[in-house]
Amino acid sequence: MSGSVLFDVPGPRALVRNRTISAVTLILIALAVWAVIAKLAGKGQLTAAKWHPFLTADLWKTYVLPGIQGTLTAAALSIVLAGIVGLLLGVGRLSHIGALRRSCAVVVEFFRAIPVLIMMIFAYFLYALYDVFPSKQLALAGVVTGLTLYNAAVIAEIVRAGVNALPRGQSEAAAALGLRPGQTMRSILLPQAITSMLPVLVSQLVVVLKDTAIGYQITFVEMVRQGTVVGSTYGNYLPALIVIAVIMIAANFALSAGATRLERRMRRSKRGATPLEAQAYEGGGGPGARLEPGD
């Protein structure tokens, strides 16, 4: 039998033991789930009457849809802003200019160390003190600010790690072609790094979407808060939270699926030629063309 990189392939006895343990574990989990459901059913939380309010348009219009709108709005704004700011900070941390590199490092480490909720609360009261945003938009501005600053710092580290993980030969070959450091970063390193970093970036985007729920602390209207309001109003906390959880799972799945399709498209588009060859073609030559230093 051929061994795996991480562990040896189990033998016949180990296979039987592993399957037995897996079967017992699944049975125990099923029994635990059944006991919880039976307990909740005994308290009347899973009766048809508790689910009936979700069949009315008034509940969705008053509670659920405003929560969905708030969550998606905050997540979309935070993802775009965090992506832009994080990319700039990540490139800044890789700069050959010492002052810029150190300044970006301080900013990244500072915002990574502060909890998101503290940044949301601080931004909320700061905006309220100086009337930066209308009162109706204060909570949204606070949530977006906190999520943007924290996730931009995380994305900056992802960008830095992705670029540093590339083979050194990429930079050396670009220098041999006469490219300046800025051109090398923009045309050679970043396209490859972003493609390889997409799975990690997608995970971070899912975190942004889920962290919008923290905004309830500054009265932001989002899905989880609205779910608890529905449970308090109709006395059906469990069905309300189950519905909200299903909506959140669907939103995260859609985000992951979209990013996966984008990753596949980017990989297919780069499969025809290496970045250095593409750069050479842009300069008007063939695969072996040399770019002039001013290009």
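**Exercise 1.** Is Gln204 buried or exposed?

*Solution.* Keep in mind that this is a predicted model. Start by finding the residue: Gln204 sits in helix H8, which covers residues 181–211. Next, take its relative accessible area, 12%. The cut-off for buried is under 20%, so Gln204 counts as buried with its 12%. Now look at what is around it. Leaving out residues up to four places away in sequence, Gln204 touches Tyr150, Asn151, Val154 and Ile155.

**Exercise 2.** Work out whether the length of helix H1 fits its residue count.

*Solution.* Helix H1 runs over residues 12–42, which makes 31 residues. At 1.5 Å a residue, the expected span is 45 Å. The end C-alpha atoms of H1 are 45 Å apart, so the two values agree. Then step just past H1: Gly44 there has a positive phi of about 80°.

**Exercise 3.** Find where Val132 lies and say how exposed it is.

*Solution.* First, the location: Val132 is in the loop between helix H5 (116–129) and helix H6 (138–164). Second, the exposure: its relative accessible area is 46%, so Val132 is partly exposed. Third, the company it keeps: Val132 joins Phe122, Leu126, Leu129, Tyr130 and Phe133 in a nonpolar surface patch of about 650 Å².

**Exercise 4.** Check two of the annotated transmembrane regions against the model.

*Solution.* An unreviewed UniProt entry puts "transmembrane region" at several stretches, including 138–159 and 188–209. Take residues 138–159: the chain is 100% helix and 0% strand, with end C-alpha atoms 31 Å apart. Now residues 188–209: again 100% helix and 0% strand, with 31 Å between the end C-alpha atoms.

Conventions
Residues are numbered from 1 along each chain as its sequence is written. This is a predicted model: local features need pLDDT of at least 70, side-chain atom pairs count only at pLDDT 80 or more; totals for chains, interfaces and linings use all residues. Side-chain values use heavy atoms; hydrogens and water are left out. Patches are made of residues with over 30% relative accessible area and no salt bridge: like charges are joined within 9 Å, nonpolar side chains (Val, Leu, Ile, Met, Phe, Trp, Tyr) within 5 Å. Accessible areas come from the Shrake-Rupley method with a 1.4 Å probe; for residues, only the protein chains shown count as cover. A salt bridge is a side-chain nitrogen of Lys or Arg within 4 Å of a carboxyl oxygen of Asp or Glu. Helices (H or I, at least four residues) and strands (E, at least two) are DSSP runs, numbered from the N terminus. Buried means under 20% relative accessible area, exposed over 50%, partly exposed in between (1.4 Å probe, protein chains only). UniProt positions are given in the numbering used here, feature names are shortened, and annotations may be inferred rather than shown by experiment. The expected span of a helix is 1.5 Å times one less than its number of residues. Contact means heavy atoms within 4.5 Å.
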